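Visitor: Please take me through the largest cavity in this model. Which residues line the largest cavity?

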Amino acid sequence: MSRIVYVNGQYLPEGEAKVSVFDRGFLMADAVYEVTSVLGGKLVDFDGHTARLRRSLSELDMPSPATDEELLAIHRELVARNDLSDGMIYLQVTRGAPADRDFVYPDASVPPTLVLFTQSKPGLADSPLARTGMTVVSIPDQRWARRDIKTVQLLYPSMGKMMAKAQGADDAWMIEDGVITEGTSNNAYIVKGDTIVTRDLGPQILSGITRAAVLRFAREAQMKVEERPFTLDEALAADEAFITSATTFVMPVVRIDGRDIGRGKPGAIAARLREIYIEESRKSAI
Ligand code: PDD
């Protein structure tokens with residue numbers, strides 16, 4: 001069965017969906033995106049993703065393609081049309097396709113482009129990697145300076161994943177000014193004793209929707225949380241490490257730059273947070 005995708009008001013088989021070669025998303029990475037996970041046919045943290053999308057659009061003075069209600073309806077329609085149980089929905093908004101390539105933003109007569117598609121991941125919440133834990137390498141953070149805006153400029157994160165792969169690792173954590181910013185497509189955490197440490201929010205990192213939920217659950221479970229920068233040395237000496245994102249939920253990290261973290265096995269705090277996050281997300285999904 002061909003996947004049904006959404007492009008500018010139409011639901012089409014993926015092979016028939018088209019975007020202009022003049023689209024600024026294609027020519028200039030002038031576009032923002034969101035990834036919302038789907039569990040049991042329901043959307044996890046939809047309101048959080050829409051709120052962050054609104055912020056990304058407003059930071060870039062990009063017109064909004066649809067209301068929150070319309071976006072919710074499109075997400076649900078795609079879940080239904082593709083019979084999606086577990087997986088994710090990718091949404092991208094671009095500044096549209098003006099008549100010619102031009103650095104200057106087009107005027108308001110050019111409508112934004114809105115594209116959404118689904119990716120099926122059966123058993124998303126039951127990833128084998130969660131049982132063994134993942135490995136990361138450290139690399140310099142060479143992205144632009146507004147990582148709080150979720151743009152589609154993903155070339156460096158993509159290069160980062162290739163650097164990790166070349167070293168036999170699953171992903172990379174990025175370092176800037178001597179401290180870890182985040183993973184290539186996730187937020188980074190360490191645990192020392194009973195304290196969870198993760199980079200504080202700012203332009204240097206993306207304000208993860210999963211991060212917000214996980215920190216809230218951690219605090220509700222009386223765990224200690226410190227939001228501050230941490231160094232690679234601190235990470236190497238930590239008892240546990242993990243990442244969070246919409247597609248991995250909470251995923252333990254057991255090795256950094258070839259060195260075991262703690263006993264080189266998924267830690268108890270990461271495992272507990274993963275359990276709570278998945279349980280609560282299933283309950284609150286819409
Ligand atoms: N990535 N940091 C970066 C750089 C990210 O790209 C992501 C998400 C996150 C985690 O954000 P959230 O918890 O809202 O998913 C942090 C998505 C999943 C992606 O690009 O596929």
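Guide: By the rule used here, the count comes to 3 cavities of 30 Å³ or more. A cavity is a set of points, on a 1 Å grid over the protein atoms alone, where a 1.4 Å probe fits but cannot get out. Grid points are joined across faces, edges and corners, and a volume is the space filled by probe spheres set on the points.

This is a predicted model: local features need pLDDT of at least 70, side-chain atom pairs count only at pLDDT 80 or more, and totals for chains, interfaces and linings use all residues. Residues are numbered from 1 along each chain as its sequence is written, and side-chain values use heavy atoms, leaving out hydrogens and water.

The largest cavity has a volume of about 50 Å³. Its lining residues (an atom within 4 Å of a point) are Glu 34, Thr 36, Phe 46, His 49, Thr 50, Leu 53, Leu 71, His 75 and Leu 91.

Three elements each supply at least two of these residues: strand S3 (31-39), helix H2 (46-59) and helix H3 (68-81). Helices (H or I, at least four residues) and strands (E, at least two) are DSSP runs, numbered from the N terminus. H2 gives the largest share of the lining, 4 residues.

By class, the lining has 4 nonpolar, 4 polar and 1 charged residues. Here Ala, Val, Leu, Ile, Met, Phe, Trp, Tyr, Cys and Pro count as nonpolar, Asp, Glu, Lys and Arg as charged, and the others, Gly among them, as polar.

Key
1 Å grid on protein atoms, 1.4 Å probe; cavity = no way out; pocket = protein on both sides within 12 Å on 5 of 7 lines; lining within 4 Å.
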